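Here is a report on one protein–DNA model, written for a reader who has the coordinates open.

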Protein chains: 2
Amino acid sequence: MTHHRTKLLHGTLDALILKTLHQGPRHGYAIARWLGDVTNDAIQVEEGSLYPALYRLERKGLLQAEWGRSELDRRAKFYALTSKGQAKLEKEVQDWARFAEAVSTVLMGEA
Amino acid sequence: MTHHRTKLLHGTLDALILKTLHQGPRHGYAIARWLGDVTNDAIQVEEGSLYPALYRLERKGLLQAEWGRSELDRRAKFYALTSKGQAKLEKEVQDWARFAEAVSTVLMGEA
DNA sequence: CGAGTTTACCTAGATCGTCTAGGTATACAC
DNA sequence: GTGTATACCTAGACGATCTAGGTAAACTCG
């Protein structure tokens with residue numbers, strides 16, 4: 001049904017998650033939903049990508065997890081950005097900006 | 001020595017190659033060099049990524065290869081964009097634009 | 001009340017693209 | 001004639017995402 005439009009996500013997912021949490025703690029499901037919402041579904045994060053990514057980030061000390069209750073009163077694991085995660089976010093944003101500009105230069109050039 | 005700055009390349013390499021060849025036939029080595037040059041090395045394509053990518057694209061009928069001689073008189077394989085490759089390029093450029101805009105929206109948002 | 005849907009999480013294995021790290025051969029510089 | 005740059009090739013490792021399953025609880029609605 002939905003189109004898995006992109007292998008492009010590769011390498012950017014971590015940054016997207018970190019940025020989402022920069023607004024404050026959120027549980028996993030909400031992160032994916034939010035990313036889809038604000039990008040008009042240009043970014044669709046599958047759960048099989050999402051949860052492993054969250055563990056990875058937690059294991060690296062970039063996120064801190066805590067069990068709680070969602071807005072709808074279901075059990076949910078809330079993730080918060082650590083200071084290490086904040087630093088990582090800044091670096092990744094820079095990398096992205098540089099890379100995206102480079103790719104755009106090439107792809108959008110009239111040539 | 002050089003920094004392999006990015007897993008971000010994932011998924012965009014095909015488009016970058018196609019676009020490079022949109023300017024006219026080039027041999028593999030020259031494609032990688034040109035991408036590095038015009039992007040100030042923000043995009044660095046390793047040979048171990050480059051050649052497999054070229055085969056992939058050729059196998060799919062997006063490129064056509066022909067042996068010849070380089071500017072420096074060494075044997076070199078020149079790749080040219082096919083019409084199928086041209087069409088693919090256009091689609092990939094669109095996909096990139098959409099995706100990059102979405103990522104930028106998220107990452108650059110003040111939030 | 002009970003069936004179906006949504007929320008929310010989890011995970012093994014497949015897939016696929018890139019990178020590492022080797023290798024060959026030729027041309028030119030010195 | 002030794003070293004460097006050009007130009008290509010490839011096996012295997014690696015790593016991130018996706019597929020496709022699964023669980024459990026809460027709400028919806030007849």
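The text below covers the fold of a chain, the symmetry, the contact between the chains and the DNA surfaces.

**The chain**

This is a predicted model. Chain A has 4 helices and 3 strands. Along the sequence, the order of these elements is α-β-α-α-β-β-α. The C-alpha atoms of chain A occupy a box of roughly 55 × 35 × 20 Å along the principal axes. Chain A has 111 residues, and 30% of them count as buried. Consider the contacts in chain A between residues at least 6 apart in sequence: 52% of these join residues at least 24 apart.

The strands of chain A form an open sheet of 3 strands. Its order is S1-S3-S2, and the pairing is antiparallel. Strand S1 (26-27) and strand S2 (63-69) of chain A are the edge strands, since each pairs on one side only. S2(A) and S3(A) are joined in the antiparallel sense over 7 bridges. Arg69(A) has Arg75(A) in S3(A) as its bridge partner.

In chain B, helix H1 (residues 13-21) is mostly covered. Of its 9 residues, 7 are buried. These are Ala15(B), Leu16(B), Ile17(B), Leu18(B), Lys19(B), Thr20(B) and Leu21(B).

**Symmetry and the chain contact**

How is chain A laid on chain B? A turn of 180° with a shift of 0.0 Å along the axis does it, at an RMSD of 0.0 Å. That is the relation of a two-fold axis. Among the residues of chain A, His10(A) comes closest to the rotation axis, with its C-alpha at 2.9 Å.

The contact draws 30 residues from chain A and 30 residues from chain B. On the side of chain A, helix H1 (13-21), helix H2 (28-38) and helix H4 (83-108) each give two or more residues. H4(A) provides the largest share, 12 residues. By class, this side of chain A has 16 nonpolar, 9 polar and 5 charged residues. Of the interface residues of chain A, 100% are also interface residues in chain B, so the copies meet through the same surface.

**The DNA surfaces**

Each DNA strand has its own set of surrounding residues, listed here by strand.

| DNA strand | Residues around it | Closest residues | Largest share | Classes |
|---|---|---|---|---|
| Strand C | 29 residues | Gly28(A), Tyr29(A), Ser70(A), Leu13(B), Gly48(B) | H3(B), 5 residues | 11 nonpolar, 9 polar, 9 charged |
| Strand D | 30 residues | Leu13(A), Gly48(A), Gly28(B), Tyr29(B), Ser70(B) | H3(A), 5 residues | 12 nonpolar, 9 polar, 9 charged |

Which elements supply at least two residues each of the surface near DNA strand C? They are H2, helix H3 (47-59) and strand S3 (75-81) of chain A, together with helix H3 (47-59) of chain B. The surface near DNA strand D takes at least two residues from each of these: H3 of chain A, and helix H2 (28-38), H3 and strand S3 (75-81) of chain B.

Both chains therefore appear in the account of each strand: H3(B) gives the largest share near DNA strand C, and Gly28(A) is one of the closest residues there.

Conventions:
Residues are numbered from 1 along each chain as its sequence is written. Chains are lettered from A and ligands numbered from 1 in the order in which they are written. This is a predicted model: local features need pLDDT of at least 70, side-chain atom pairs count only at pLDDT 80 or more; totals for chains, interfaces and linings use all residues. Two residues are in contact if their C-beta atoms, placed from the backbone, lie within 7 Å. Ala, Val, Leu, Ile, Met, Phe, Trp, Tyr, Cys and Pro count as nonpolar, Asp, Glu, Lys and Arg as charged, and the others, Gly among them, as polar. A residue is near a molecule or strand if its C-beta atom, placed from the backbone, lies within 6 Å of it. Copies are superposed by least squares on the C-alpha atoms of residues with pLDDT of at least 70 in both. A residue is buried if 20 or more other C-beta atoms lie within 10 Å of its own, exposed if 12 or fewer, and partly exposed in between; C-beta atoms are placed from the backbone. Two strands pair if DSSP finds at least two bridges between them.
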